[in-house]
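Colleague: I would like to go through the ligand site and the strand pairing of this model. Can you put it up?

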Amino acid sequence: MSLSADNDATRRAGAILTVDLANIAANWRGLRDAGRADGKPIDCAAVVKADAYGTGAAIVGPRLAAEGCRQFFVAQIEEGIALRRVLPEHPIHVLNGLLPGTEADFVEFGITPVLNHLGQLNAWRAAAQRFNRPLDAVIHIDTGMHRLGFSPEEAQVLSNERGRLRGLRLALIMSHLVASEEQANPINGEQLARFRSFVRTMPGAPASLANSSGIFLGPDYHFDLLRPGASLYGINPLPGQPNPMLPTVTLHARILQVRRIDALQTVGYGAAWRSARPSRVATIALGYADGYFRTLINRTHVHLAGHKVPVIGRISMDLVTIDVTDVPEAESQPGAPVEILGPHLTTDDLADHARTNAYEVMTALGRRYARVYLDAGVDTGPAA
Ligand SMILES: *Cc1c(COP(=O)(O)O)cnc(C)c1O
């Protein structure tokens, strides 16, 4: 990547995050088609919480809508309100549910709360009465996560007393899998059985169970609506197997300065790395404030002009040091772009190095990066 200076923000930026919208769209189409292969009219939503897993919901959302995506999930109402500005018509569901006192906000912005217990259902019904209009409702049943959602007892109440939904339009019933990335885990089948038996008591209501990895558990898990997040953004839904998704982000940081040090000199805070030989050390423009975790110390590498280069010393807030002793000087000059994430190292790889998962790597992607959106080779510039 050249980091071509096609606008002021990218010209000045120490680090540039490139988001490939065409690949996000292709990932969405691939998942939707996996659902359609069942021969049923299965729809595919997009989970765009946490700013579309760090990629930029205000840009990714409309792009997926243009691709045919009709429903969107966020975690928080504020995320829903922001998305409503760029998606005036599409259903937007808020997974975290209905906080007391926010009913009018949901109504005002036409956003659907995912109702996670009977109290929220009652509050939403009361809002439908107060505003004197039928409101959409999504019901979340807890089938084993024990985090959010109707308990089995509450679900039973709802199955027995459908009148509790009067004044509401049941747009979706859903549940969430605990361990969908572990294909052999028996809890998947147990949750499926619990969800099925609830779905049977609510005839006519569309149902949704599968997140990214859940889609790959097979057609039994698909129901009417798929609910992928991570896989849209290229995170591998099949850990330990080849990634069926296309990568969507690359990250480059520029070299700020290069210095020569003697043998037995230390680099960075805490004198945590010591040179075994006379060395050349390059300092690059990103740090833990940009989501490059401190736990990466002594555990990862970057790529510079095709060379694999170790990251040395502690990660600073704004700076990372790398050992470029074995890289030709002409290729390791100030301004040179260093590949942090890209063809040589995926978000899943970096997550392994940091002892976390790619979800955390992506949602921690820094707000300070200049962002470039690629769409089939067309550069749409940095985010507004
Ligand atoms: C985050 C989330 C998803 C998406 O999960 P991925 O594993 O990222 O595909 C789906 N459903 C719910 C309830 C979620 O919280």
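The turns below take the ligand first and then the strands.

Colleague: What kind of model is this, predicted or not?
Modeller: Local features are reported here where pLDDT is at least 70. Side-chain atom pairs count only at pLDDT 80 or more. The model is predicted.

Colleague: Which residues come nearest to the ligand?
Modeller: The ligand has 13 residues around it, with a heavy atom within 4 Å as the criterion. Those that come nearest are Lys49, Tyr53, Ser212, Ala230 and Tyr359.

Colleague: How do the residues of the shell divide into nonpolar, polar and charged?
Modeller: Tyrosine counts as nonpolar and glycine as polar in this division. On that basis the shell around the ligand holds seven nonpolar, four polar and two charged residues.

Colleague: How far is an oxygen atom of the ligand from the side chain of tyrosine 53, and what does serine 212 do?
Modeller: The cut-off for a polar contact is 3.5 Å between N or O atoms. In serine 212, a polar side-chain atom lies 2.5 Å from a ligand oxygen. For tyrosine 53, the distance from a side-chain N or O atom to an oxygen atom of the ligand is 2.5 Å.

Colleague: Which residue has a polar backbone atom 2.8 Å from an oxygen atom of the ligand, and how much of the ligand's area does the protein cover?
Modeller: The backbone atom at 2.8 Å belongs to glycine 229. On its own the ligand has 390 Å² of accessible area. The ligand takes up the space of the largest pocket. The share of that area covered by the protein is 93%.

Colleague: Which are the edge strands of the open sheet of seven strands?
Modeller: The order is β3-β4-β5-β6-β7-β8-β9, and the pairing is parallel. An edge strand pairs on one side only, which holds for β3 (46-47) and β9 (207-208).

Colleague: What is the bridge partner of isoleucine 173 in β9?
Modeller: Strand β8 spans residues 168-174 and pairs with β9 in the parallel sense over two bridges. The partner of isoleucine 173 is alanine 207.

Colleague: Where in the hairpin of β15 and β16 is there a positive phi?
Modeller: β15 (residues 301-304) and β16 (residues 307-312) are antiparallel and share four bridges. Histidine 301 stands opposite proline 310 of β16. Two residues lie between the strands, and the positive phi, near 50°, belongs to alanine 305.

Colleague: Which residue of β17 is the bridge partner of isoleucine 312?
Modeller: β16 and β17 (residues 320-323) run antiparallel and are joined by two bridges. Opposite isoleucine 312, the bridge partner is threonine 321.

Note on methods. Residues are numbered from 1 along each chain as its sequence is written. Side-chain values use heavy atoms; hydrogens and water are left out. A polar contact is a pair of N or O atoms within 3.5 Å; within protein, one must be able to donate a hydrogen and the other to accept it, and residues adjacent in sequence count only if both atoms are side-chain atoms. Accessible areas come from the Shrake-Rupley method with a 1.4 Å probe; for residues, only the protein chains shown count as cover. On a 1 Å grid over the protein atoms alone, a cavity is a set of points where a 1.4 Å probe fits but cannot get out, and a pocket is an open set with protein on both sides within 12 Å along at least five of seven lines; lining residues have an atom within 4 Å of a point. A molecule sits in a cavity or pocket if more than half of its atoms lie within 2 Å of its grid points. Two strands pair if DSSP finds at least two bridges between them.
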